[in-house]
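Here's a quick briefing on a ligand site and one serine beside it. Take a look at the model first, then run through the notes below.

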Amino acid sequence: MNRKNGFRYVFRRAWSWPGSVEEFVSTLLISPSLHVACGSSRVGDVRVDAFVNADVRGDMVHLPFRDCTFMSVLIDPPWHMPYHLRPKLAKELARVLRPDGVLVFNAPWRIRLRTLRLVDVFWADAPAWRNCPLVMVYRKLA
Ligand SMILES: C[S@@+](CC[C@H](N)C(=O)[O-])C[C@H]1O[C@@H](n2cnc3c(N)ncnc32)[C@H](O)[C@@H]1O
């Protein structure tokens, strides 16, 4: 536990999205949208990050929102996050999504959760995407 900020797990910001990546992911969002671990990005109706100034200061695995609040959730998590936290993160993202809502996920691992179905995969072969050229879109089952 990091006593200073009260979060259980601590990750640092490693990289920010270039404009073209922001533009693309915005096209996948439906309002009301939540951007988790938003860093310096301005995309999303509500932006939450543990360390960066955002609309809400919060931990991605304990989001301060009620169940089924958002029609879309966007996340570019710290990619070095430990394996054991990934299912926990997925469950938390699904929890705040409304049924039929979409999760836009920019990370190099696959989510496996009964309530989320993979509906789209975008792969980009352009310099702006060199860090993680993969965007997966999951739909929350009704
Ligand atoms: C890969 S960066 C996201 C960068 C973002 N796409 C951008 O364009 O700036 C990951 C972000 O996760 C945030 N973060 C790290 N641990 C977190 C946690 N436990 N809860 C919420 N956000 C966290 C970091 O502060 C960082 O901004």
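For the residue classes used here, Ala, Val, Leu, Ile, Met, Phe, Trp, Tyr, Cys and Pro count as nonpolar, Asp, Glu, Lys and Arg as charged, and the others, Gly among them, as polar. This is a predicted model, with local features needing pLDDT of at least 70, side-chain atom pairs counting only at pLDDT 80 or more, and totals for chains, interfaces and linings using all residues. Residues are numbered from 1 along each chain as its sequence is written, and side-chain values use heavy atoms, with hydrogens and water left out.

**The shell around the ligand**
- The ligand is surrounded by 21 residues (each with a heavy atom within 4 Å of it).
- Trp17, Ser40, Asp49, Met60 and Asp76 are the closest of them.
- Sorted by class, that shell holds 12 nonpolar, 5 polar and 4 charged residues.

**Contacts with the ligand**
- Aspartate 59 has a polar side-chain atom 2.9 Å from a ligand nitrogen atom.
- A backbone N or O atom of tryptophan 17 sits 2.8 Å from an oxygen atom of the ligand.
- For glycine 39, a backbone N or O atom is 3.5 Å from an oxygen atom of the ligand.
- On its own, the ligand has 600 Å² of accessible area (Shrake-Rupley method, 1.4 Å probe), and the protein covers 98% of that.

**Serine 16**
- You'll find serine 16 in the segment before helix H1 (19-27), a helix being a DSSP run of H or I with at least four residues.
- Serine 16 counts as partly exposed (between 20% and 50% relative accessible area, 1.4 Å probe, protein chains only) because its relative accessibility is 29%.
- Serine 40 is 24 residues away along the chain, yet the two C-alpha atoms are separated by 6.7 Å.
- The side chains of serine 16 and serine 40 make a polar contact at 3.2 Å (N or O atoms within 3.5 Å, one able to donate a hydrogen and the other to accept it).

Conventions:
Helices (H or I, at least four residues) and strands (E, at least two) are DSSP runs, numbered from the N terminus.
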